[in-house]
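Thanks for coming. I have a few parts of one structure to go through, so please look at the screen.

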Amino acid sequence: MLFDNSYQNLPQEFFERINPVPVKDPKIIIFNTDLGKTLGIDPKMSEKELAKIFSGNEVPEGSSPIALAYAGHQFGQFVHQLGDGRAILLGELSTPDQERYDIQLKGSGQTKFSRQGDGRAPIGPIIREYVISESMNAMGIPSTRSLAAISSGEQVFRETLLPGGVLTRIAKSHIRVGTFEYFAAQKNTDHLKTLADYTINRHFPALKEANDPYISLLQTVSDLQIELISKWMGIGFIHGVMNTDNTSIVGETIDYGPCAFMDEYNPGTVFSSIDTHGRYAFGNQPLIAQWNMACFANTLLPLIDENSEKAVTKAQEVINDFPKKMNEAVMGVMCKKIGLDSSEKNSQELVKNFLNIMLDNKSDYTLSFRYLGESLKSKNEDLLKAQFQEHDRLSDWLLKWTKTLKSKNLNKKDVVNMMDKTNPFFIPRNHLLEKIIDAATKHNDFSQMKTLLKVFSNPYKEQPENEAYSKPPKPNEIVKQTFCGT
């Protein structure tokens with residue numbers, strides 16, 4: 001395992017050089033063996049060695065630890081300096097296939113960006129990010145990954161004393177829209193160009209041949225956001241804090257804070273305790289993605305064209321195309337959920353009508369779609385009907401849907417296969433996460449976490465023995481708010 005760090009070769013204003021602060025008694029909670037193999041980590045390394053490195057107690061060979069500088073729009077308000085306040089980038093590892101990944105420790109101690117924070121992380125948010133990020137990956141959603149969760153042997157104080165830990169996060173990149181905003185706000189065009197060129201060279205090398213590489217960068221990043229958010233919409237994921245400092249340039253889901261999965265379908269659903277006005281509600285996510293890309297476009301204007309009017313015109317074309325492309329992508333995902341092609345208006349209307357019936361019936365988002373596929377497979381509609389109160393409306397819709405499938409001469413097996421690959425059985429529901437976090441923080445029991453990870457590693461597969469993990473919360477289990485955990 002030999003680290004390097006290409007980001008440290010950028011000017012010193014891009015980061016702070018700082019080593020992780022050692023912890024008292026690091027122990028492995030869980031190590032992602034399969035991901036470790038992908039990264040070329042020696043499988044013979046002992047748990048003690050792994051715990052030392054991924055707690056920050058030992059800096060590995062080739063690592064040059066740094067905390068990254070960035071700014072960002074938080075709930076629409078610009079903050080000039082944010083940065084890695086409790087995270088340190090150890091460096092980069094190249095896989096045997098020569099793919100390069102950032103290795104970052106979260107909860108690794110204070111940096112100059114900590115802003116009065118202690119730089120540490122409680123076990124709860126670490127477990128939450130580990131389970132959700134790995135579940136997202138298993139569902140085929142672009143995401144940062146979790147390599148290791150470590151208990152620190154120390155306590156951190158939030159509202160009460162909590163056991164502390166360190167998470168090792170793997171990402172294609174930790175460059176954010178907010179990283180570009182950091183230098184744009186300083187009007188430092190040289191550093192902005194350096195950052196843009198580094199981003200292109202490392203992540204999008206094909207753009208070096210483009211006629212206008214910076215417009216191409218804007219277009220590429222926008223397209224990646226469209227792909228990402230459309231997939232979020234398909235699985236009922238709510239990020240909760242879609243600030244520009246949480247928007248990855250490479251289109252990965254990053255910073256899992258108060259994120260959640262929707263139980264009952266409602267586009268106005270908000271879980272995050274800090275999203276008091278619903279800015280980042282489930283149904284707002286496509287619009288917010290466009291807003292974030294407009295912020296990104298503004299940072300690139302000095303690079304796109306020396307003539308500011310020409311630069312704005314070129315960038316505006318990309319942003320103006322965003323809603324149409326986003327709608328097409330979301331509809332593409334949603335129509336697959338009912339086994340149809342989104343290119344036909346009739347398919348889109350069927351999806352919208354099904355969602356309206358779900359909204360009025362407070363139907364479970366995940367299971368309604370999954371049981372729709374099951375009803376086609378087995379011709380048994382009982383499980384589906386259990387998600388709805390208005391059976392007449394549902395029956396009318398089902399009649400139109402099945403007629404549409406027949407009119408298109410679609411192979412039933414192909415339709416069922418498409419739906420099974422698009423509609424998960426198992427998602428990391430809030431009430432399940434709360435149970436495993438309680439077990440870990442109150443009883444030092446991580447067995448439930450490991451069970452959930454195993455279930456969520458095959459989210460689209462029927463697992464009769466684990467059916468209980470697919471169920472929505474009972475009334476007394478409903479979690480109404482999620483918290484940032486910082």
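Helix H5, residues 189-203, packs against helix H6, residues 213-235, at an angle of about 65°. This is a predicted model, so that angle is computed from predicted coordinates. The axes of H5 and H6 are 11 Å apart. The crossing of H5 past H6 is left-handed. Two packed helices are described by exactly these terms, the angle between their axes and the distance between the axes.

Which residues in H5 meet H6? On the H5 side they are Lys193, Ala196, Asp197, Thr199 and Ile200. On the H6 side, Pro213, Tyr214 and Leu217 take part. Sorted by class, this contact has 5 nonpolar residues, 1 polar and 2 charged.

Next, a pocket. The second largest pocket has a volume of about 470 Å³. It is lined by 22 residues, and those closest to its centre are Asp263, Glu264, Tyr265, Lys362 and Ile478. By class, the lining of this pocket has 11 nonpolar, 5 polar and 6 charged residues.

Last, a single residue. Asn430 belongs to helix H14, which covers residues 430-443. Is Asn430 buried or exposed? Asn430 counts as buried, because its relative accessibility is 1%, and the cut-off for buried is under 20%. What does Asn430 touch, leaving aside residues up to four places away in sequence? Its contacts are Arg128, Cys259, Ala260, Phe261, Phe271, Val479 and Thr482.

That is what I had on the helix pair, the pocket and the asparagine.

Terms used: Residues numbered from 1 in each chain as written. Predicted model: local features only at pLDDT ≥ 70, side-chain atom pairs only at ≥ 80, totals over all residues. Heavy atoms only, no water. 1 Å grid on protein atoms, 1.4 Å probe; cavity = no way out; pocket = protein on both sides within 12 Å on 5 of 7 lines; lining within 4 Å. Points joined across faces, edges and corners; volume = space filled by probe spheres on them. Nonpolar A, V, L, I, M, F, W, Y, C, P; charged D, E, K, R; others polar. Helix = DSSP H or I, 4+ residues; strand = E, 2+ residues; numbered from the N terminus. Buried < 20%, exposed > 50% of the residue type's maximum accessible area, 1.4 Å probe, protein only. Contact = heavy atoms within 4.5 Å. Axes fitted to C-alpha atoms, helices over the stretch in contact; angles between N-to-C directions. Left-handed = near helix turned anticlockwise from the far one by under 90°.
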